[in-house]
Amino acid sequence: MSKYTDIGVDKVGHVGTIEIRRPPLNFFDVSLINQIADALEEFDNDIEIRASVLAAQGKAFCAGANFGDPARQEAEERAKTDPASNLPINHLYVQAVRIFRNKKPIVAAVHGAAIGGGLGLAVAADFRVTCPEARFAANFTKLGFHPGFGLTATLPELVGKNNAELIFYTSRRVTGEEATRMGLANICVPQDQVRAEAMKLAQEIAECSPLGLISTRATMRAGLADRVLAATNHELVEQNKLRATEDFKEGVKATAERRVANFRGR
């Protein structure tokens, strides 16, 4: 029996596959990120695997954190009075940094929405294959919140500082075509071809020498995990501050009710 409860893990030739299985929206928590990090470590230790594909069941690739989850809301209420109770979120970022420390190339098959921390997860991959229907959004400012999952470090490196600022300050949803134009995605194909195209790219990578791949990737991503660690430490401080505000409460409520938030700056 698999030790994984929320992901499917498989191997096709020299390519490992991870499928997120929390449809339809694939909200994440510490457990899911931990399982993905564990699977990537397994791939690192398997001499046969040279690249991996990260995909998802359901409508979304990953819709980020579920702010409407009662357990999460309860934890956030505790966080307002007890800073030590922020450990679960801090722990989530510890697991996120583990993903950035993996050694082999990852291709994300982004067939649907990658929102908030879900965008952070997509950006943790080396490459993204997407489709016109997909939406990429760092919707933190619409929630009255601060970006997380290391996006303040990773997104500017992909799309440039000013495009990252545009994505952060507007919280807009970027289409698959726009994402490909700005360098947020590498390939845009029809939705039903996303996973096959991601596998094709991973197999092309896997035709190269495994030692050469690991060595070259280590050079190209030198210091990335440490930059993400520093970013998540800062992001968490800002998120903890904003979590206690009226605007955050209103932002989460407005998003759930699909309306424009009435922010008051407090």
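Colleague: Before we get to E133, how are helices and strands defined here?

Modeller: Helices are DSSP runs of H or I with at least four residues, strands are E runs of at least two, and both are numbered from the N terminus. Bear in mind that this is a predicted model.

Colleague: OK, so where is E133?

Modeller: E133 sits in the loop between β6 (127-130) and β7 (135-137). Its relative accessibility is 45%, so E133 counts as partly exposed.

Colleague: Which residues join E133 in a patch of negative charge?

Modeller: E177, E178 and D192 gather with E133 there, on the surface.

Colleague: And which residues form a positive surface patch?

Modeller: That one is made up of K59, K142, R173 and R258. R258 is placed in the segment after α11 (246-256), and R258 counts as exposed because its relative accessibility is 79%.

Colleague: Switching to salt bridges, how many are there?

Modeller: The count comes to 18. One of them pairs the side chains of D126 and R217, at 2.9 Å from N to O. D126 is in the loop between α4 (117-124) and β6, while R217 is in helix α9 (residues 210-220), so this pair ties together parts 91 residues apart in sequence.

Colleague: Are D126 and R217 buried or exposed?

Modeller: Both D126 and R217 are buried.

Colleague: What about E246, which residue does it bridge to?

Modeller: E246 forms a salt bridge with R266, with the closest N and O atoms 3.4 Å apart. That pair links distant parts of the chain, from E246 in helix α11 to R266 in the segment after α11, 20 residues apart.

Colleague: Which residues are linked in a network of salt bridges?

Modeller: E250, K253, E257 and R259.

Methods: Residues numbered from 1 in each chain as written. Predicted model: local features only at pLDDT ≥ 70, side-chain atom pairs only at ≥ 80, totals over all residues. Heavy atoms only, no water. Patch = residues over 30% accessible without salt bridge, like charges linked within 9 Å, V, L, I, M, F, W, Y side chains within 5 Å. Areas by Shrake-Rupley, 256 points an atom, 1.4 Å probe, with all protein chains shown as cover. Salt bridge = Lys/Arg side-chain N within 4 Å of Asp/Glu carboxyl O. Lys, Arg positive; Asp, Glu negative; His and termini not counted. Charge placed at Lys NZ, Arg CZ, Asp CG, Glu CD. Buried < 20%, exposed > 50% of the residue type's maximum accessible area, 1.4 Å probe, protein only.
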